[in-house]
Amino acid sequence: MSSRSAIVIGAGIVGLATARALAIRGYKVTIFERNKRAVGASIRNFGMVWPIGQPTGPLFDRAMLSRSIWKQVCAEANIWHDEVGSLHLAYHNDELEVMGQYAQVNSGLRDCALLTAGQALQKSAAVNPDGLKGALWSGTEIIVEAREAIGNIAKYLAEKYAVEFYWNTAVNEVNGSTVRTGHKTYQADEVFICSGVEFETLYPELFAAAPITKCKLQMMRMAAQPDNWRIGPALCGSLSMVHYPGFQSAASLPALRERYNQQYAEYLKWGIHVMVSQNQYGELTVGDSHEYGLVHDPFDKEFINKMIVDYLHTFTRLKDTRVIQTWNGIYAKLTNGQTELVLEAEPGVTIINGLGGNGMTLSFGLCEQLISARVDAAV
């Protein structure tokens, strides 16, 4: 076990995942977070741990490693999580064809299957039966309530591994092993910058040179369903298949995308694909959209929310669709096709950023692999 120390900047999922990977290897870890709690993209998402979206190979393996860590952390920290799996629903033959190809390509490699319409309806009473052709079932997806889980992971790391947190403490300078917050300085053997804001302000030249943009997504929450009614798996419309790279293994996906280019041009323009998950209180989290650029309008676009709800109604039959909250989130995404940015800013200072909307699914696995390769190999 190491007797080294590390400072982690940012208490979102990437920072927490980095802290965990260090702490279990004996590092003394200190986390600095500029807000009194994590308030960024880590709490503004579906709470989906989503292996199905990752292509078979290293990224799927990373997602499954993340999943196993999520299960361990949730069990040890008594964090609510629901291993409900997911259903992608088909209402056209070309959608069903893509799902069938996905299931065939991944047969034996992951827990998935092509279902008949009847089998899909048995999985979830919330599925719209009208015109349903079938569905793709995946058993690997887990739902957490991100708004609570992220804060509870921080408490867990503090209690189990004595990770020290400095909340409401912005870092304004990093110089090698020295971190400055206002007039105070702190030192550690290694520094990890896991917050996009700090990356942008502490190393502006590196940020400007990086192949990075920002994505704004819009989401909403619907009322708790009556009588403790559960939707079961997370439910997805077929538009999700042209969003997630995991489906690129299906040979007929380009033809489906071409139809969507005609039928759903406005949806694709705003990056809209629609999914719904349910938390422990029965509330439904619904989204989302994708707008790219370094600066975003802070206000939600009502027409995007309406498009999301309209498409949701094509594949669901929900008990209560009253919208009780809307919000947006912004996360960093790489423009060169890479899945993350891991950059040595200077000796002993590592930037981890740009997971591109896959933070909940990949962060635990990525940071475990990254820290393991550095620390365990050196032992």
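Here is a friendly conversation about a predicted model and some of its residues.

Biologist: How are residues numbered, and what pLDDT do local features need in this predicted model?

Modeller: Residues are numbered from 1 along each chain as its sequence is written, and side-chain values use heavy atoms, with hydrogens and water left out. Totals for chains, interfaces and linings use all residues, side-chain atom pairs count only at pLDDT 80 or more, and local features need pLDDT of at least 70.

Biologist: Which residues does UniProt list for "domain: FAD dependent oxidoreductase", and how far apart are the end C-alpha atoms?

Modeller: The name comes from an unreviewed UniProt entry, which lists residues 6–370. UniProt positions are given in the numbering used here, feature names are shortened, and annotations may be inferred rather than shown by experiment. The span is 33% helix and 26% strand (DSSP runs numbered from the N terminus, with helices being H or I of at least four residues and strands being E of at least two). Its end C-alpha atoms lie apart by 14 Å.

Biologist: Is Met275 buried or exposed?

Modeller: Met275 belongs to strand S16, residues 275–278. Buried means under 20% relative accessible area, exposed means over 50%, and partly exposed is in between, using a 1.4 Å probe and protein chains only. Met275 has a relative accessible area of 0%, so this residue is buried.

Biologist: Which residues is Met275 in contact with, leaving aside its neighbours within four places in sequence?

Modeller: Contact means heavy atoms within 4.5 Å. With those neighbours left aside, the contacts of Met275 are Phe46, Met48, Trp50, Leu235, Cys236, Ser240, Tyr244, Thr285, Val286 and Gly287.

Biologist: Gly287 is on that list; which residue does a cis peptide bond join to Gly287?

Modeller: The omega of this cis peptide bond is about -5 degrees. The partner sits in the loop between strand S17 (284–287) and strand S18 (291–292). That partner is Asp288.

Biologist: Which residues does Thr350 touch, not counting residues up to four places away in sequence?

Modeller: Thr350 has its place in strand S21, residues 349–353. Thr350 counts as buried because its relative accessibility is 3%. The residues it touches are Val191, Phe192, Ile193, Val342, Leu343 and Arg374.

Biologist: How many residues of helix H1 are buried?

Modeller: Helix H1 covers residues 13–23, and it is largely enclosed by the rest of the structure. Its buried residues include Ile13, Leu16 and Arg20. The count of buried residues is 11 of the 11.

Biologist: Arg20 is among those buried residues; which residues are linked with Arg20 in a network of salt bridges?

Modeller: A salt bridge is a side-chain nitrogen of Lys or Arg within 4 Å of a carboxyl oxygen of Asp or Glu. The structure holds 21 salt bridges. In the network, Arg20 is linked with Arg25, Glu368 and Asp376.

Biologist: How many residues apart are Asp94 and Arg259?

Modeller: The side chains of Asp94 and Arg259 meet in a salt bridge at 2.6 Å, N to O. Asp94 is in helix H3 (residues 93–105) and Arg259 in helix H8 (residues 253–263), so the pair links distant parts of the chain, 165 residues apart.

Biologist: Why are Lys306 and Asp310 separated by about one helical turn?

Modeller: Their side chains meet in a salt bridge at 2.9 Å, N to O. Both residues are in helix H10, residues 302–315. They are separated by about one helical turn because they are four residues apart.

Biologist: Which residues line the largest cavity?

Modeller: On a 1 Å grid over the protein atoms alone, a cavity is a set of points where a 1.4 Å probe fits but cannot get out, and lining residues have an atom within 4 Å of a point. The largest cavity holds about 30 Å³ of space, where a volume is the space filled by probe spheres set on the points, with grid points joined across faces, edges and corners. Its lining residues are Asp82, Val84, Ile143, Arg230, Gly232 and Gln278.

Biologist: Is Asn168 buried or exposed?

Modeller: Asn168 has a positive phi of about 55 degrees although it is not a glycine. At 56% relative accessibility, Asn168 counts as exposed.

Conventions: 1 Å grid on protein atoms, 1.4 Å probe; cavity = no way out; pocket = protein on both sides within 12 Å on 5 of 7 lines; lining within 4 Å.
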